[in-house]
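Work through the exercises below with the model open. Each task is followed by a stepwise solution.

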Amino acid sequence: MITSRPVRRQRDDLIDLPGELLAAARSAGLVPVERTAAMLAAVRDGQVVHRASMFGLMAVRRSRDDGIPVHLVAHEDALVLRRP
């Protein structure tokens with residue numbers, strides 16, 4: 001199993017890292033079994049609370065201040081692979 005999340009190379013350039021890893025795994029001969037999302041959150045007092053890093057929050061705030069409408073990544077992709 002591999003876990004990864006989309007990453008920003010620049011403020012408005014989102015890279016589909018999980019998709020690129022899946023393509024690399026296929027080219028290496030692995031067979032995808034499942035691709036699912038794992039939320040980066042906690043449940044406290046019945047409420048879902050995002051567990052973002054300070055750096056991620058700061059980057060989103062700076063981008064929004066500059067007029068770039070970005071959102072915080074709130075999940076990781078879990079890729080389950082097997083050998084043929």
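Two strands pair if DSSP finds at least two bridges between them. The model used here is predicted.

**Exercise 1.** Find the bridge partner of Thr3 in β7, then place the pair in its sheet.

Step 1. Thr3 has Ala78 as its bridge partner in β7.
Step 2. β1 and β7 (residues 75-82) are joined by 3 bridges, in the antiparallel sense.
Step 3. The open sheet has 3 strands in the order β1-β7-β4, and the pairing is antiparallel.
Step 4. β1 and β4 (31-39) each have a single partner strand, so they stand at the edges, and one side of each lacks a neighbour in the sheet.
Step 5. From one strand to the next, the twist averages 20 degrees.
Step 6. Helix α1 (residues 17-27) packs on this sheet and touches β1, β4 and β7. Its direction makes about 10 degrees with that of β7.

**Exercise 2.** Decide whether Ser4 is buried or exposed.

Step 1. Locate Ser4 in strand β1 (residues 2-4).
Step 2. Its relative accessible area is 8%. Buried means under 20%, so Ser4 is buried.
Step 3. List its contacts, leaving out residues up to four places away in sequence: Leu17, Pro18, Leu21, Glu76 and Asp77.

**Exercise 3.** Classify Asp45 and Phe55 as buried or exposed.

Step 1. Exposed means over 50% relative accessible area.
Step 2. Asp45 has 81% relative accessibility, so Asp45 counts as exposed. Asp45 sits in the loop between β5 (41-44) and β6 (47-50). Its phi is near 55 degrees, a positive value in a residue other than glycine.
Step 3. Phe55, in helix α2 (residues 54-65), has 63% and is therefore exposed.
Step 4. Met54, Phe55 and Met58 make a nonpolar surface patch of about 340 Å².

Methods
Residues numbered from 1 in each chain as written. Predicted model: local features only at pLDDT ≥ 70, side-chain atom pairs only at ≥ 80, totals over all residues. Heavy atoms only, no water. Patch = residues over 30% accessible without salt bridge, like charges linked within 9 Å, V, L, I, M, F, W, Y side chains within 5 Å. Areas by Shrake-Rupley, 256 points an atom, 1.4 Å probe, with all protein chains shown as cover. Salt bridge = Lys/Arg side-chain N within 4 Å of Asp/Glu carboxyl O. Helix = DSSP H or I, 4+ residues; strand = E, 2+ residues; numbered from the N terminus. Buried < 20%, exposed > 50% of the residue type's maximum accessible area, 1.4 Å probe, protein only. Contact = heavy atoms within 4.5 Å. Axes fitted to C-alpha atoms, helices over the stretch in contact; angles between N-to-C directions.
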